[in-house]
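Dear colleague,

I am passing on the structure we spoke about, and I would be glad if you kept it open while reading the notes below.

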Amino acid sequence: MFTGNIVLIGFMGTGKTTIGRLCAEKLSWDFVDTDQYIEQFTNQRIPELFRISEAHFRAIETQVFGEILSRGCQVVSTGGGIVTRPENRELLASSRNLVFCLTARPNVILRRVKTSAKRPLLDTPDPKKQICLLLKQRNSLYQSAADYRLDTSDKSIQAVVADIMALMEQRR
Ligand code: S3P
């Protein structure tokens with residue numbers, strides 16, 4: 001029986017939090033979202049932490065990620081930049097974790113993130129350009145950290161959850 005964690009990685013706006021919460025419900029496992037965890041842990045919002053500096057945010061992210069993954073039987077949704085730090089990639093590579101990378105086309109990402117205030121990296125005059133730039137920098141990191149990749153661009157949330165559950169069953 002699999003007693004590790006399901007970890008969802010991927011760019012902003014690919015559905016990690018919504019899909020992760022539903023997967024956890026299906027499995028009756030705990031759900032943890034790294035960004036929400038960081039906000040509770042620091043009592044500060046993500047943009048405030050970024051205002052201090054991105055490095056400050058990333059250091060806290062790595063600290064809490066290690067804490068979170070030391071437990072098992074959780075579905076963990078991660079911030080889109082989790083793959084940028086080697087320490088986090090090492091944590092992801094542990095055989096205790098089953099890592100799903102959610103993807104979406106840049107236009108779909110742009111539409112989905114428009115309404116969110118928690119993404120300081122996209123708070124620029126041309127967010128589409130920034131999305132494409134960050135995707136270019138990160139795509140290979142997402143690819144190599146993932147056991148499975150799922151494109152959420154044209155799928156319902158329920159369909160993605162069902163795909164994850166089916167892949168998970170194969171590991172049980
Ligand atoms: C970030 C993604 C955000 C959040 C922070 C940085 C990134 O999380 O961690 O704004 O670097 O891609 P989501 O992927 O949940 O939006």
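The notes below take the sheet, then the helices, then the ligand.

This is a predicted model, in which local features need pLDDT of at least 70 and side-chain atom pairs count only at pLDDT 80 or more, while totals for chains, interfaces and linings use all residues. Residues are numbered from 1 along each chain as its sequence is written, and side-chain values use heavy atoms, with hydrogens and water left out.

Five strands (DSSP runs of E, at least two residues, numbered from the N terminus) form an open, parallel sheet in the order β2-β3-β1-β4-β5, where pairing requires at least two DSSP bridges between two strands. Because β2 (30-33) and β5 (148-151) are at the edges with a single partner strand each, one side of each has no neighbour in the sheet. Three bridges join β1 (residues 5-10) to the parallel strand β3 (residues 74-77), and I6 stands opposite V75 in β3.

Two helices (DSSP runs of H or I, at least four residues) lie across these strands, with contact meaning heavy atoms within 4.5 Å: α4 (residues 54-69) crosses β1, β2, β3 and β4 (97-103), and α7 (residues 127-145) crosses β1, β4 and β5.

Around the ligand there are 15 residues (a heavy atom within 4 Å), the closest being K16, D35, R58, R119 and R138. Among the polar contacts (N or O atoms within 3.5 Å), a ligand oxygen atom is 2.7 Å from a side-chain N or O atom of R58, and a ligand oxygen atom is 2.8 Å from a polar backbone atom of G80.

Best regards

Definitions and conventions. Axes fitted to C-alpha atoms, helices over the stretch in contact; angles between N-to-C directions. Polar contact = N/O pair within 3.5 Å; in protein donor to acceptor, adjacent residues only side chain to side chain.
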